[in-house]
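Student: I would like to learn how to read a structure such as this one, feature by feature. Could you give me the general idea each time and then the case at hand?

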Amino acid sequence: MNQLFEFLASSAGRIVRAVLGLILIALGIWAVSGAWGWVLILIGLVPLAAGLFDFCLFAPLFGLPFVGESLRRYLTTTER
C-alpha cells in the first residue's frame with residue numbers, strides 16, 4: 001500500500017491527479033449535460049485541487065499524513 005501512496009505523493013502522481021481532474025471537468029462541460037455535467041465538474045475539482053495543492057485525500061484513511069510533504073517525509077523515514 002505504501003507504493004501507492006509513494007506514487008500519489010510524487011510529482012508524477014500529482015500530475016496524474018491534476019490531469020484526471022481536468023479530464024473530468026472537461027467531460028462535465030462538453031460531454032455531459034444537465035445535472036450530471038455539474039456533478040462531474042465538482043468531482044473533477046477534487047483531484048485537480050489535490051494535485052495542485054499537494055494533498056492526498058485517502059492517506060488519512062490509512063493513518064498517514066494528509067499533506068504531501070509530510071506524507072513523503074513519513075514514507076521515506078518509515079521502515080519497510
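Tutor: Let us begin with the largest pocket, whose lining, sorted by class, has 10 nonpolar residues, no polar residues and one charged residue. Please keep in mind throughout that this is a predicted model.

Student: Which residues line the largest pocket?

Tutor: A residue counts as lining when it has an atom within 4 Å of a pocket point. Here the lining is made of Leu8, Val16, Arg17, Leu20, Val46, Pro47, Ala50, Phe55, Cys56, Leu57 and Phe58. Two elements each give two or more residues to that lining, namely helix H2 (11–31) and helix H3 (35–53).

Student: How much space lies in the largest pocket?

Tutor: The computed value is about 160 Å³.

Student: Before we go further into detail, how many helices and strands are in the protein?

Tutor: The protein has four helices and zero strands, and along the sequence this gives the pattern α-α-α-α. For the overall dimensions, the C-alpha trace spans about 50 × 20 × 20 Å along the principal axes. Of the 80 residues, 31% count as buried, a label that requires a relative accessible area under 20%.

Student: Turning to the surface, which residues form a nonpolar patch?

Tutor: A residue can join such a patch if its relative accessible area is over 30% and it makes no salt bridge. In this model Met1, Leu4, Val46, Leu57, Phe58, Leu61, Phe62, Phe66 and Val67 form a nonpolar patch, and their accessible area together is about 910 Å². Two of its members show how the cut-off is read: Leu57, in the loop between H3 and helix H4 (68–77), counts as partly exposed at 40% relative accessibility, and Leu4, in helix H1 (residues 2–9), counts as partly exposed at 43%. Leu57 also appears in the lining of the largest pocket, which makes this residue a useful place to look at both features.

Student: How should I read backbone angles, and where is there a positive phi in a residue other than glycine?

Tutor: As a general rule, most residues other than glycine have a negative phi. Against that background, Asp54 has a phi near 60°, a positive value. Asp54 is placed in the loop between H3 and H4, and because its relative accessibility is 12%, it counts as buried.

Student: What does a search of the whole structure find in the way of salt bridges?

Tutor: The criterion is a side-chain nitrogen of Lys or Arg within 4 Å of a carboxyl oxygen of Asp or Glu, and the search finds three such pairs. In one of them Arg14 pairs with Asp54, with the closest N and O atoms 3.7 Å apart. Arg14 lies in helix H2 while Asp54 lies in the loop between H3 and H4, so this pair ties together parts that are 40 residues apart in sequence.

Student: With which other residue does Asp54 form a salt bridge?

Tutor: Asp54 also pairs with Arg72, where the closest N and O atoms are 2.8 Å apart. This contact again links distant parts of the chain, from the loop between H3 and H4 to helix H4, over 18 residues. Arg14, Asp54 and Arg72 are thus linked in a network of salt bridges. As for accessibility, Asp54 is buried at 12%, whereas Arg14 is partly exposed at 24% and Arg72 is partly exposed at 30%.

Student: How far apart are Glu69 and Arg73 in helix H4?

Tutor: They are four residues apart, about one turn of the helix, and their side chains meet in a salt bridge with an N to O distance of 3.3 Å. Arg73, at 46% relative accessibility, counts as partly exposed.

Student: Finally, how should I compare separation in sequence with separation in space?

Tutor: It helps to read the two values side by side for each pair. Gly44 and Gly63 are 19 residues apart in sequence, and their C-alpha atoms are 25 Å apart. Leu4 and Gly63 are 59 residues apart along the chain, and their C-alpha atoms are separated by 14 Å.

Student: Is Gly44 buried or exposed?

Tutor: Gly44, which is found in helix H3, counts as buried because its relative accessibility is 0%.

Key
Residues numbered from 1 in each chain as written. Predicted model: local features only at pLDDT ≥ 70, side-chain atom pairs only at ≥ 80, totals over all residues. Heavy atoms only, no water. 1 Å grid on protein atoms, 1.4 Å probe; cavity = no way out; pocket = protein on both sides within 12 Å on 5 of 7 lines; lining within 4 Å. Points joined across faces, edges and corners; volume = space filled by probe spheres on them. Nonpolar A, V, L, I, M, F, W, Y, C, P; charged D, E, K, R; others polar. Patch = residues over 30% accessible without salt bridge, like charges linked within 9 Å, V, L, I, M, F, W, Y side chains within 5 Å. Areas by Shrake-Rupley, 256 points an atom, 1.4 Å probe, with all protein chains shown as cover. Buried < 20%, exposed > 50% of the residue type's maximum accessible area, 1.4 Å probe, protein only.
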